[in-house]
Amino acid sequence: MQQNPELPDRLSPLFGMSPPAPVPGCSVCAEFAEQRRAARAAYDGSRETDVNVLMRRHRKQAHSG
Ligand SMILES: [Zn+2]
């Protein structure tokens with residue numbers, strides 16, 4: 001078996017990683033954080049995941065990650 005030394009650095013998918021943190025001072029992030037908090041409070045795991053996905057997408061677009 002030959003090992004590939006040039007494996008790309010970005011193999012790991014976004015899903016399954018630790019949830020994104022809201023960026024201080026950003027009202028959109030704050031909104032997502034509130035939605036996630038509410039989803040957790042309601043034990044709504046699928047909704048929490050949805051919010052995390054949206055939050056990551058927003059962070060990527062608005063905060064470069
Ligand atoms: Zn933001």
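What average pLDDT does the chain have, and what share of the residues score at least 70? The model you have open is a predicted one; its chain averages a pLDDT of 83, and 72% of the residues score at least 70.

**Stop 1: residues 8–12.** Colour the chain by pLDDT and select residues 8–12. Here the pLDDT is below 50. Beyond near neighbours in sequence, this stretch has 1 contact in the model.

**Stop 2: the whole chain.** Now zoom out and switch to a cartoon view. You will find 2 helices and 0 strands. If you colour by burial, 11% of the 65 residues count as buried.

**Stop 3: cysteine 26.** Select cysteine 26, in the segment before α1. Is this residue buried, partly exposed or exposed? Cysteine 26 counts as partly exposed because it has 15 C-beta neighbours inside 10 Å. Next, add arginine 59 to your selection: along the chain it lies 33 residues from cysteine 26, yet their C-alpha atoms are separated by 10.0 Å.

**Stop 4: the two helices.** Show α1 (27–41) and α2 (45–63) together. How do their axes cross? They come within 9 Å of each other and cross at roughly 165°, so α1 is roughly antiparallel to α2. The crossing of α1 past α2 is left-handed.

**Stop 5: where the helices meet.** Turn on side chains for both partners. From α1, select Val28, Cys29, Phe32, Gln35, Arg36, Ala39 and Arg40. From α2, select Arg47, Glu48, Val51, Asn52, Leu54, Met55, His58 and Ala62, which those α1 residues meet. Try colouring this contact by residue type: the set divides into 8 nonpolar, 3 polar and 4 charged.

**Stop 6: leucine 54.** Stay with one of those residues, leucine 54 in helix α2. Draw a line from its C-alpha atom to that of phenylalanine 32: the two atoms are separated by 7.9 Å, with the residues 22 apart along the chain. Leucine 54 has 16 C-beta neighbours inside 10 Å, so it counts as partly exposed.

**Stop 7: tyrosine 43.** Finish in the loop between α1 and α2, where you can select tyrosine 43. Why does tyrosine 43 count as exposed? The reason is its number of C-beta neighbours inside 10 Å, which is 8, where 12 or fewer makes a residue exposed. Check its backbone too. Most residues other than glycine have a negative phi. Tyrosine 43 is not a glycine, but its phi is positive, at about 55°.

Definitions and conventions. Residues numbered from 1 in each chain as written. Predicted model: local features only at pLDDT ≥ 70, side-chain atom pairs only at ≥ 80, totals over all residues. Helix = DSSP H or I, 4+ residues; strand = E, 2+ residues; numbered from the N terminus. Buried ≥ 20, exposed ≤ 12 C-beta atoms within 10 Å, placed from the backbone. Axes fitted to C-alpha atoms, helices over the stretch in contact; angles between N-to-C directions. Parallel < 35°, antiparallel > 145°, perpendicular 65-115°, else oblique. Left-handed = near helix turned anticlockwise from the far one by under 90°. Contact = placed C-beta atoms within 7 Å. Nonpolar A, V, L, I, M, F, W, Y, C, P; charged D, E, K, R; others polar. pLDDT = per-residue confidence, 0-100.
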